[in-house]
Amino acid sequence: MIMLGTNSRLIAFLVTVNMLVLQCAESTKDWQWQYNKSVCFNERADAALSWKVTLSPGDSVSDVNIYEVSVRTQSALKMYSKTNGPEAAFKDRVMRFSMANELSNQFPVFKIYFTLTNLSSSVDGFGSKSIRCQVVRKSNGASQQRDTLLHVQDKPEKTKLIKLAPSGNVSDRYSTYAFRCIASAYPPVTSYTIYTNGIKRYTGTGIYYGYTHMLGAAEFTCEPHSAAGYGANSTVTIITIVDGHHFFPFNYLSGGGTVPEGSSLSFYCYLDLWHGNITWIKNGKRMNTVTTFYELRFDPVTRKDEGFYACGYIFNGVEYTVRHITHLTVEYKPEKTQLHSLGSSYCHGSAIPLYCTAVAKPADIRYFLRINNQPLANNTIGLFNVSLSRLGYHLYTCAPSNKVGEGEHRSVRIQVQEPLTSASILPINGTRFTEKSTVQLTCAANEVDSYEIRWTKDGVLVGEGQTLMIQSINRTDEGVYTCTINNTCNEVSAVTYIGVDYVNMDQQTLKCSSSPGFIILSLETNTASPPNITCNSGHASYRGLVAHSNGSVISYRVDLPEPDVSEVKCRAEGFPGTENTYTIAVADSEYIRNGSFRVTNARYPPSDAIKGKIIKSVCAIQSGRTSLMFCGTMPLASYPRARVVDTQVQRRGQGKIFSFIYL
């Protein structure tokens, strides 16, 4: 164990067989942390992580959140919370959480344990992800967090031993054979060991070539090795080594190396005492190219030409290859460039991450970021934290470059906006409108722009845009209206309550009155004070006076000084659409023995037009269109099943009787 220490921090490196741990203790003014900064586990093991937090005396923890964090982009996904348990995105992962607390010299100490089961190097990565523990204090809601870097190591797998030369399965014992061994592993493979018929021949980077004087079948095996251990072996096709008894004093193969794409290159195969055709081998396969000269020309070089090359010739069915293998590496400029904005809002004065990626060979890329074609920053990781200090539209461009040259550019256009600080609605909260009127609500913010504005009523979307028009508002439109304003920076809302005042006019269209006399109108309303009622006969106007009030039902007395008024139109002032027409029967009322109802008018007999209106009103009772009607003191609605069977005018003394006969 190697211990490194200072007055404020203690760091320890601990190496075991299965786990590499970097332990750390950190403290701030009122927080003290103890946790592992880095851990390493084997494939399919369980990652048991812990954090120890000490708070101020009397303080407590209200919640704990566990996140998976990308090391490269620092984007975090919540995995688990003490309050809600596992997140839906991680429902397929088995996680365990627990927390214990104790007191240490009056300081509360919280020990947090989190286990992520069945680790996978392909999912959880080797140093590409961290597990973050966020602790929320109960006293003020403040939080702190600490990250533990996760390494999941796996032994080498998917081992392949690739024969580079000879191209066939029969070779001369003085010819060269070459192999390339590859395998995947986390951490990466450190070395490869090559065996011939079980005898160790080579340990190194995985490229091996040589020759052997042994004759007969030869079996070549590769064994990869990493920090996690030895991986699976891979055996290549057996090569039969023969004695060709052919003197082959070749010298060498020249050419190869590393060249940029688009350049020109030649391989030269020098063979003494041989003047026949020369065969060329690429990656263990004989090429279709056969030359009578020593040169293999590439003009231009493309990345498809990359590989391992050998040369030689075939004599009496035996393949002879030079005792040298060369490799051609083709480098190219960055391409497939992508530039991503990792920010969700673009507020003036804030900062956002921009992430640029590209593919190139060599992969040592430097990324240059420009704003409006002016240099801004550059680095080798492609992640930039950009301060948004200027309002308006700006073009950010990423230009990746490597030793070959500058690659493809990619740009993103970002609008930097002033943060929305507040929103307001006109008319103001609590404004009331009369039913059937037209209402316009206007939403405004501190900045004027074509923002996205949504309107909701009681939580339900009812419109979009800066204004909301309500044509002919009714009582069902009463409620809480919210306008929500969005721009690329943030979101603000305003709320207002809109009230609707309504009046339900008296629906009984037949009114009886003495002459000169009055009629009684009843209405229902929710207004704070009784509305004014105005009636008009066509010749004069009459104002109703409140006669009685019972909650929302108000009765008005409308005096009719003119004796010949037979019809009036009445309305509630300020309430459009409330006008009703009422027929006035100037008469007294009484019962008749046979059950008929008789209206008597000795002084003012009704005209034929009035008779028709009275009959129409009475018939409305039968059909159910009205529910209550008073004529004098007699409620006609007490005859719900009645019908008009006869009307007549009779003389009784000096008066006239107009009778409605009901069965």
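Here are four short exercises on salt bridges and a surface patch in this predicted model.

**Exercise 1. Find which parts of the chain the R303–E335 salt bridge ties together, and decide how accessible each partner is.**

Solution.
- Start with the contact: the side chains of R303 and E335 form a salt bridge at 2.7 Å, N to O.
- Now place the partners. R303 lies in the loop between β28 (295-298) and β29 (307-315), while E335 is in strand β31 (residues 326-341), so the pair ties together parts 32 residues apart in sequence.
- Next, look at accessibility. R303 has a relative accessible area of 32% and is partly exposed. E335 is at 18%, and because buried means under 20%, E335 counts as buried.
- Finally, widen the view: E261 joins R303 and E335 in a network of salt bridges. A search of the whole structure finds 20 salt bridges.

**Exercise 2. Locate the partners of the E306–K361 salt bridge along the chain.**

Solution.
- The side chains of E306 and K361 meet at 2.6 Å, N to O, in a salt bridge.
- E306 sits in the loop between β28 and β29, and K361 in strand β32 (residues 351-361); this pair links distant parts of the chain, 55 residues apart.
- For accessibility, E306 has a value of 24% and is partly exposed. K361, with 27%, is partly exposed too.

**Exercise 3. Work out where R543 and E573 lie, and whether each is buried, partly exposed or exposed.**

Solution.
- Begin with the salt bridge between the side chains of R543 and E573, at 3.2 Å, N to O.
- R543 belongs to strand β51 (residues 541-543), and E573 to the loop between β54 (567-572) and β55 (580-586); the pair links distant parts of the chain, 30 residues apart.
- Then check the relative accessibility: R543 is at 46%, which counts as partly exposed. E573 is at 25% and also counts as partly exposed.

**Exercise 4. Explain why Y497 can take part in a nonpolar surface patch, as far as its accessible area is concerned.**

Solution.
- First, name the patch: V480, V495 and Y497 make a nonpolar surface patch of about 240 Å².
- Second, find Y497 in the fold: Y497 is in strand β46 (residues 491-501).
- Third, read its accessibility: Y497 is partly exposed, with a relative accessible area of 33%.
- Last, apply the cut-off. Patch residues need over 30% relative accessible area, so Y497, at 33%, meets that condition.

Definitions and conventions
Residues are numbered from 1 along each chain as its sequence is written. This is a predicted model: local features need pLDDT of at least 70, side-chain atom pairs count only at pLDDT 80 or more; totals for chains, interfaces and linings use all residues. Side-chain values use heavy atoms; hydrogens and water are left out. Patches are made of residues with over 30% relative accessible area and no salt bridge: like charges are joined within 9 Å, nonpolar side chains (Val, Leu, Ile, Met, Phe, Trp, Tyr) within 5 Å. Accessible areas come from the Shrake-Rupley method with a 1.4 Å probe; for residues, only the protein chains shown count as cover. A salt bridge is a side-chain nitrogen of Lys or Arg within 4 Å of a carboxyl oxygen of Asp or Glu. Helices (H or I, at least four residues) and strands (E, at least two) are DSSP runs, numbered from the N terminus. Buried means under 20% relative accessible area, exposed over 50%, partly exposed in between (1.4 Å probe, protein chains only).
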